[in-house]
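Hi everyone, thanks for coming. Today I'd like to walk you through some contacts in a protein model, one stop at a time. Have the structure open and follow along.

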Amino acid sequence: MSVLTRDEAQTRAELLDVHHYTIELDLTGGDETFDSRTLIRFAARVDGDTFVELKPAELRSVTLDGHPLDPEALDGNRLALPHLTAGEHELRVDARMRYSRTGEGMHRFTDPTDGETYVYTQLFMEDVQRVFAAFDQPDLKAVFELSVKAPQNWTVLANGITEQTDGVWTAAPTPLISTYLVAVAAGPWHSVRTEHRGLPFGLHCRRSLAPYLDADADELLDVTRACFDRYHEKFDEPYPFDSYDQAFVPEFNAGAMENPGLVTFRDEFVYRSAVTDTERQTRAMVIAHEMAHMWFGDLVTLKWWDDIWLNESFAEYMGYQTLTEATRFTDTWTDFGVTRKSWGYDADQRPSTHPVAPEAVDDTASALLNFDGISYAKGASALRQLVAWLGEKDFLAGINAHFARHKYGNATLADFIDNLAGATDRDVHAWADAWLRTTGVDTLTPRVTPGEHGTCALTVDRTGSRPHRIAAGLYDRDLGDDGGQLVLRERLHLDLPHTEAHPIGKRPALLLLNDGDLTYAKVRFDPESFETVRKDLSGLPEPLTRAVVWNALRDAVRDGELTPVAYLETARAHLPLETDLAIVQGVLAFAATYIADRYLTPEERPAALATLSELCRDLIRRTEDGDNPGLRLIAVRHRIDTAAHPDTIAAWLADGTVPGGPELDPELRWRVLARLAVLGATDEAAIAAELERDPSATGQEGAARCRAALPDPEAKARAWEAMFGSDDLSNYLFTATARGFWQPEQADLVREYVGRYYADAVAVADRRGPAIADAAGRWAFPAHAVDTDTLRLGEECLRDADPIPALRRKLVDQLDDLARALRVQGAGEK
């Protein structure tokens with residue numbers, strides 16, 4: 001299959017003006033394929049040659065202006081349209097298409113709970129070709145008119161309002177949109193419908209999830225309405241589509257997809273088990289993020305994939321900011337600081353880093369790799385810094401000018417910056433060059449120098465080249481009865497670079513750069529401030545401030561400047577006093593996944609797990625009064641995951657509850673069973689019994705993970721064969737199996753598979769494509785095997801085996817993380 005290059009897209013856009021697609025889909029033809037008939041009306045501006053894209057199981061017929069073309073001329077995914085004459089044309093394509101089990105194209109899923117079947121599209125980047133013929137690039141927008149024949153008990157959802165007659169569902173024609181934004185979701189949906197501001201709103205999920213959607217429908221709709229109203233206060237352009245449906249679909253590869261009028265979400269957001277309020281906030285943020293795309297991405301769309309940050313960074317920033325302004329979730333930037341910025345910082349320090357706005361993305365395969373922590377988290381951080389520097393009034397004025405000039409069309413970075421520049425006297429172009437065209441993370445280090453009469457002055461040293469507008473927090477110790485509390489004396493507002501020293505009066509106990517987290521940079525501490533952090537971190541009054549400190553400690557560990565053991569000691573001392581759930585979850589996740597499993601040697605790992613278990617026990621004891629169920633849930637989850645001995649958690653499973661609560665819901669039961677499998681304290685009979693108790697899709701995934709985690713050579717061989725020897729596993733079952741397979745406790749048992757991994761991963765990626773390649777590189781990589789042999793084998797694979805781009809990118813990142821872990825282990829041994 002050929003990927004589309006930037007040059008080819010530019011050539012085709014200069015030749016063609018695409019007007020209208022009429023698409024007929026027939027979903028009644030069986031489990032493997034569906035019928036797709038497409039009529040494309042378009043014009044050629046001059047005489048020329050071009051092509052249309054399609055990935056069919058069978059291409060039955062093609063006619064151009066009534067003249068048949070040879071279906072055998074299809075070359076991979078391209079059908080040539082030679083010798084076009086200037087003027088109007090009609091292309092008709094009749095094809096049989098394959099359903100997908102990897103979340104790409106038209107994904108088909110049968111619910112194991114009740115046997116009902118659902119299909120939905122995910123057409124991002126170049127997967128529209130798996131569903132219908134298209135001139136597949138974002139700047140050839142058109143009107144799309146869809147009709148779908150479906151089984152009698154199904155409901156069909158699409159970008160516009162749908163109506164059904166005799167088993168055929170017809171969707172209202174769309175406004176001008178890009179090919180990758182067309183959406184269909186069909187099946188016996190359970191739906192909750194309402195209206196808001198004259199528009200139909202809907203929530204949809206599988207029937208087996210109906211009770212769980214109903215329980216949260218008010219919350220979901222409240223967030224949707226609040227964000228919708230707030231965006232109408234911010235944006236001059238009204239919502240540009242005729243309805244707003246949100247469908248929670250199975251085995252979805254992303255968090256959600258911004259299809260106009262029909263946003264699709266992974267249906268794990270329909271909670272079957274207890275969740276924390278931070279997890280509810282995350283779901284709400286995704287709702288806000290996808291709604292922001294209705295304007296930035298859907299109304300105004302990038303011209304080519306080098307500007308994906310215009311979509312994702314904007315939606316990420318607007319999602320967090322609007323949620324803070326419009327809903328009960330008023331502390332979202334703390335969660336962003338803990339969970340999203342670390343994603344960006346990590347990605348930006350790897351060899352695969354790229355600018356937020358790259359100069360050129362040569363083709364669609366390269367573009368797909370840039371949907372990462374840089375395009376999302378770093379880009380959103382850059383926009384937050386821009387708003388701090390520009391002011392929200394001028395920022396929104398520029399945004400609204402951008403919408404007005406480019407609505408229903410396409411735009412570039414240059415267009416965006418020009419529109420912002422028109423709303424301010426500041427040099428936005430220079431800012432964009434410094435922030436959007438460069439790579440890497442700046443580091444800010446305070447230098448405190450003594451002056452006269454006990455006063456001090458602050459100078460900020462900066463490695464890197466970006467300008468920063470930051471706050472420096474000066475904190476003094478509270479000398480009252482409580483002790484250990486830190487009180488904000490002052491926040492200095494600084495524009496960097498600035499060479500002059502800033503007078504700060506008497507020396508503070510803690511001087512914290514980037515207090516408020518308005519910029520994107522690593523921060524360091526002066527020695528006195530670091531001692532205060534070690535002793536009094538939990539005494540800082542604001543969660544966002546504590547999040548900045550925890551991120552600084554995390555960065556110091558990764559850079560070899562703070563030992564992993566010192567980080568654990570700090571967590572042990574201060575996490576039992578932490579009140580913010582995002583911080584507790586983020587610190588525990590980093591401590592378990594990176595500190596215990598990678599940054600400490602195998603000999604040091606048991607002590608680290610013991611420390612984390614003791615910490616979790618403290619949190620469980622602290623929450624016995626029931627006042628903080630979210631904190632207790634986090635502690636219980638991590639207590640299960642760090643258990644070195646099976647007795648306690650096995651008793652919880654047998655009793656169906658943790659003493660004092662919570663009762664073990666399906667998520668906790670599968671979590672306990674997975675840990676027992678790792679420890680060799682359960683067996684296939686127990687897994688089968690649990691699956692009979694919970695035969696749902698998530699139950700199937702839980703069983704796959706548990707079976708792969710059993711410390712038995714035959715179990716490992718079966719799991720490996722399922723992942724790499726056959727192509728039967730869906731994307732979710734592949735991931736579940738991979739997550740169970742590698743366990744640090746089982747390093748000797750699985751040692752032979754480390755050597756097999758690279759060749760087998762390359763082969764399965766070649767056969768199954770980017771989605772499975774991503775899963776194989778992300779979840780099936782032997783991340784626990786922190787040694788030079790794993791690194792050498794990986795480097796040889798990259799040099800000699802030619803993995804497809806999606807897998808190559810994942811391997812580059814994994815190997816860089818592995819090399820970093822080796823450096824951290826070496827630094828810790830000094």
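Let's begin with a charge and a ring: Lys716 lies over the face of Phe741, at 5.0 Å from the ring centre. Before we go on, please keep in mind that this is a predicted model. There is another contact of this kind to look up, where Arg466 sits over the face of Trp435, 5.4 Å from the ring centre.

Now for rings that meet other rings. How many aromatic pairs does a search of the whole structure find? The count is 53 aromatic pairs. One of them is formed by Phe296 and Phe314, with 4.1 Å from centre to centre and 40° between the planes, which makes the pair tilted. This pair links distant parts of the chain. Phe296 is in the loop between helix 3 (277–293) and strand 20 (300–302), while Phe314 is in helix 4 (residues 308–326), and the two are 18 residues apart. Are these rings buried or exposed? Phe296 counts as buried because its relative accessibility is 2%, under the 20% cut-off. Phe314 is buried too, with a relative accessible area of 2%.

Stay on Phe314 for a moment, please. Phe314 also forms an aromatic pair with Phe403, and this one is edge-to-face: 6.4 Å centre to centre, with 85° between the planes. Again, the pair links distant parts of the chain, with Phe314 in helix 4 and Phe403 in helix 8 (residues 392–406), 89 residues apart. Phe403 is buried, as is Phe314.

Next, salt bridges. Side chains of opposite charge can pair when their charged atoms come close. The count for this model comes to 75 salt bridges, and I've picked out a few.

Asp111 and Arg206 meet through their side chains in a salt bridge, at 2.9 Å from N to O. Where do these residues lie? Asp111 is in the loop between strand 8 (105–110) and strand 9 (117–122), and Arg206 is in the loop between strand 16 (199–205) and helix 2 (210–234), so the salt bridge ties together parts that are 95 residues apart in sequence. Asp111 and Arg206 are both buried.

Another one joins Arg340 to Glu316, where the closest N and O atoms are 2.6 Å apart. Here the pair links helix 5 (residues 332–348), which holds Arg340, with helix 4, which holds Glu316, and the two residues are 24 residues apart. Glu316 counts as buried because its relative accessibility is 0%.

For a salt bridge inside one helix, go to Arg792 and Asp789, whose side chains meet at 3.8 Å, N to O. Both lie in helix 25 (residues 788–800), three residues apart, which is about one turn of the helix. Arg792 counts as partly exposed at 38% relative accessibility, and Asp789 is partly exposed as well, with a relative accessible area of 44%.

Salt bridges can also be joined up: Arg230, Glu233, Lys234, Glu325 and Glu392 are linked in a network of them.

Let's move to the strands. Strand 1 (residues 16–26) and strand 2 (residues 33–44) run antiparallel, and 10 bridges join them. To find your place, look for Thr22, whose bridge partner in strand 2 is Leu39. The hairpin of strand 1 and strand 2 has six residues between the strands, and there Gly30 takes a positive phi near 125°. Strand 1 is also joined to strand 10 (residues 143–149) by seven bridges, and these two run parallel. His20 has Val143 as its bridge partner in strand 10.

Which residues other than glycine have a positive phi? Among them is Asp65, with phi near 55°, in the loop between strand 4 (58–64) and strand 5 (67–69). Asp166 has a positive phi of about 50°, and lies in the loop between strand 12 (162–165) and strand 13 (168–171). Asp65 is partly exposed, with a relative accessible area of 36%, whereas Asp166 counts as exposed because its relative accessibility is 73%, over the 50% cut-off.

My last stop is the backbone before two prolines. The peptide bond from Leu496 to Pro497 is cis, with omega near 5°, and Pro497 is in the loop between strand 25 (486–496) and strand 26 (502–506). The bond from Gly661 to Pro662 is cis too, with omega near 5°, and Pro662 is in the loop between helix 17 (647–655) and helix 18 (666–678). Thanks for listening!

Key
Residues are numbered from 1 along each chain as its sequence is written. This is a predicted model: local features need pLDDT of at least 70, side-chain atom pairs count only at pLDDT 80 or more; totals for chains, interfaces and linings use all residues. Side-chain values use heavy atoms; hydrogens and water are left out. Rings of Phe, Tyr and Trp (its six-membered ring) pair if their centres lie within 6.5 Å; planes under 30 degrees apart count as stacked, over 60 as edge-to-face and the rest as tilted. Helices (H or I, at least four residues) and strands (E, at least two) are DSSP runs, numbered from the N terminus. Buried means under 20% relative accessible area, exposed over 50%, partly exposed in between (1.4 Å probe, protein chains only). A charge sits over a ring if NZ of Lys or CZ of Arg is within 6 Å of the ring centre and within 35 degrees of the ring normal. A salt bridge is a side-chain nitrogen of Lys or Arg within 4 Å of a carboxyl oxygen of Asp or Glu. Two strands pair if DSSP finds at least two bridges between them.
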